[in-house]
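Here is a short tour for someone meeting this structure for the first time. Keep the 3D view open and follow along from one section to the next.

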Amino acid sequence: MVPIGLNGELDLSVLKNVLGMKTRLVALTHISNTIGAVNEVKLITDLAHGVGAKVLIDGAQAVGRIPINVQEIGCDFYVFSGHKAYGPTGTGVLFGKFDILNTMPAWQGGGGMVKDIHAGTATLKRAPHKFEPGSPNFAGIFGLETAINYLTKIGMHKIHAHVSTLTSYALQQHQSVPNIKILGCPSERLGVISFTINGRNLKEVAAELDSYGLDLGVGHHCAIPLMEKYEIAGSIRISFAMYNSKSDIDALINGLLRVCHDI
Ligand SMILES: *Cc1c(COP(=O)(O)O)cnc(C)c1O
């Protein structure tokens with residue numbers, strides 16, 4: 001495991017030390033769902049390929065926010081959830097390099113994956129069909145396609161610029177709120193900011209913010225080891241979508257000022 005520093009960045013010097021001929025797979029997130037740190041996926045992919053390891057990137061927090069070019073990154077696998085990219089829940093994408101997918105065994109059996117079959121022998125179709133047995137979730141996949149077309153029409157570069165502006169604005173504006181502690185200070189942060197408030201129960205804070213119409217995530221965000229690293233039980237998380245605006249952040253800062261003034 002490669003540790004994360006208190007700044008929220010992966011410790012690449014450790015990565016270089018642990019990578020070796022025995023490394024089969026390097027799996028990492030593109031953007032942290034808790035700190036918002038943007039990991040150096042291309043650099044890490046190059047390092048992993050240097051020892052012959054494959055690379056899988058979890059892009060759940062990246063796909064709806066930045067343009068992704070898997071060929072440019074060079075990763076072997078890239079995954080994301082449909083519902084984080086404005087699509088239906090229960091859908092998602094696994095990209096894999098065609099040659100690698102074709103050498104991988106099918107892990108489930110069902111209709112539609114077989115090219116030829118006789119008693120005792122079966123030839124499977126090529127990827128991706130051999131991994132998609134049975135009747136697929138057509139409705140969900142059409143929904144995901146519509147979401148992707150919608151994002152493409154707006155323009156991922158435009159969405160990236162917007163979310164980036166919101167992230168910087170929120171980081172700058174939070175300075176006016178006393179007692180707030182933001183987790184990490186990665187050199188690149190996008191779309192997600194987590195914080196604690198000294199001396200406050202965060203669930204109560206989140207409930208009070210909710211009463212002002214501000215919906216924030218609170219808890220460990222499925223990142224308990226990271227919470228342990230910061231020696232906290234949880235944090236409050238702000239997460240920006242493309243439809244958020246600066247006025248949402250102003251409302252959040254006002255809400256936080258109200259919360260903090262009755263400490
Ligand atoms: C949300 C999230 C997941 C889980 O995806 P679901 O489709 O909601 O199960 C995995 N990884 C990251 C980085 C996420 O943000």
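## The overall picture

Helices (H or I, at least four residues) and strands (E, at least two) are DSSP runs here, numbered from the N terminus. Counted that way, the protein has nine helices and 10 strands. Keep in mind that you're looking at a predicted model.

How far does the C-alpha trace span along its principal axes? It covers about 75 × 45 × 30 Å. There are 263 residues in the protein, and 42% of them count as buried.

## The nonpolar cores

In soluble globular proteins, nonpolar side chains tend to be buried together. The largest nonpolar core in this model holds 53 residues. If you want to find it on screen, pick out Val26, Ile57, Tyr78, Phe195, Ile197, Phe240 and Leu256, which have the most contacts inside it. Where does this core sit relative to the two domains? Domain 1 (12-110 + 136-154) and domain 2 (156-252) both give residues to it, so the core lies between them.

There's also a second, separate core, made of seven residues. Ala37, Ala223, Met227 and Tyr230 are among them.

## Around the ligand

Which residues surround the ligand? They are Thr29, Asn33, Asp58, Ala60, Gln61, Ser81, His83 and Lys84. Sort the residues of this shell by type and you get one nonpolar, five polar and two charged.

Some of these side chains can be paired with oxygen atoms of the ligand. Gln61 has a polar side-chain atom 2.7 Å from a ligand oxygen. For Ser81, an N or O atom in the side chain is 2.7 Å from an oxygen atom of the ligand. His83 also places a polar side-chain atom 2.7 Å from a ligand oxygen. How much of the ligand does the protein bury? Taken alone, the ligand exposes 380 Å², and the protein buries 59% of that.

## Backbone oddities

Most residues other than glycine have a negative phi, and most peptide bonds are trans. Against that background, a few spots are worth a click. One is the bond joining Ala127 and Pro128, a cis peptide bond with omega at about 5°. Pro128 belongs to the loop between strand 6 (121-124) and helix 5 (138-154).

Next, try His221, which isn't glycine but has a positive phi, near 55°. You'll find His221 in the loop between strand 9 (217-219) and helix 8 (224-229). Is His221 buried or exposed? Its relative accessibility is 9%, so His221 counts as buried. Glu231 has a positive phi too, near 55°, and sits in the loop between helix 8 and strand 10 (235-239). Glu231 is exposed, though, with a relative accessible area of 73%.

## A buried partner for His221

Follow the side chain of His221 and you'll come to Ser235, joined to it by a polar contact of 2.9 Å between the two side chains. Ser235 lies in strand 10. Its relative accessibility is 0%, so Ser235 counts as buried.

## Distances along the chain and in space

How do separations in sequence and in space compare for a few pairs? Start with Lys158, in helix 6 (residues 156-173). Lys158 is exposed, with a relative accessible area of 59%. Lys158 and Ile66 are 92 residues apart along the chain, while their C-alpha atoms are separated by 8.9 Å.

Val2 comes in the segment before helix 1 (12-18). At 22% relative accessibility, Val2 counts as partly exposed. From the C-alpha of Val2 to that of Val26, 24 residues apart along the chain, the separation is 10.0 Å. You may remember Val26 as one of the residues with the most contacts inside the largest core.

The last pair is Thr123 and Gly5, with their positions 118 residues apart in sequence and 48 Å between their C-alpha atoms. Thr123 is part of strand 6 and is partly exposed, with a relative accessible area of 40%.

Technical notes
Residues are numbered from 1 along each chain as its sequence is written. This is a predicted model: local features need pLDDT of at least 70, side-chain atom pairs count only at pLDDT 80 or more; totals for chains, interfaces and linings use all residues. Side-chain values use heavy atoms; hydrogens and water are left out. A nonpolar core is a set of buried Ala, Val, Leu, Ile, Met, Phe, Trp, Tyr and Cys residues joined through side-chain atoms within 4.5 Å. Buried means under 20% relative accessible area, exposed over 50%, partly exposed in between (1.4 Å probe, protein chains only). Domain bounds come from an automatic or database domain assignment. A residue is near a molecule or strand if one of its heavy atoms lies within 4 Å of it. A polar contact is a pair of N or O atoms within 3.5 Å; within protein, one must be able to donate a hydrogen and the other to accept it, and residues adjacent in sequence count only if both atoms are side-chain atoms. Accessible areas come from the Shrake-Rupley method with a 1.4 Å probe; for residues, only the protein chains shown count as cover. Ala, Val, Leu, Ile, Met, Phe, Trp, Tyr, Cys and Pro count as nonpolar, Asp, Glu, Lys and Arg as charged, and the others, Gly among them, as polar.
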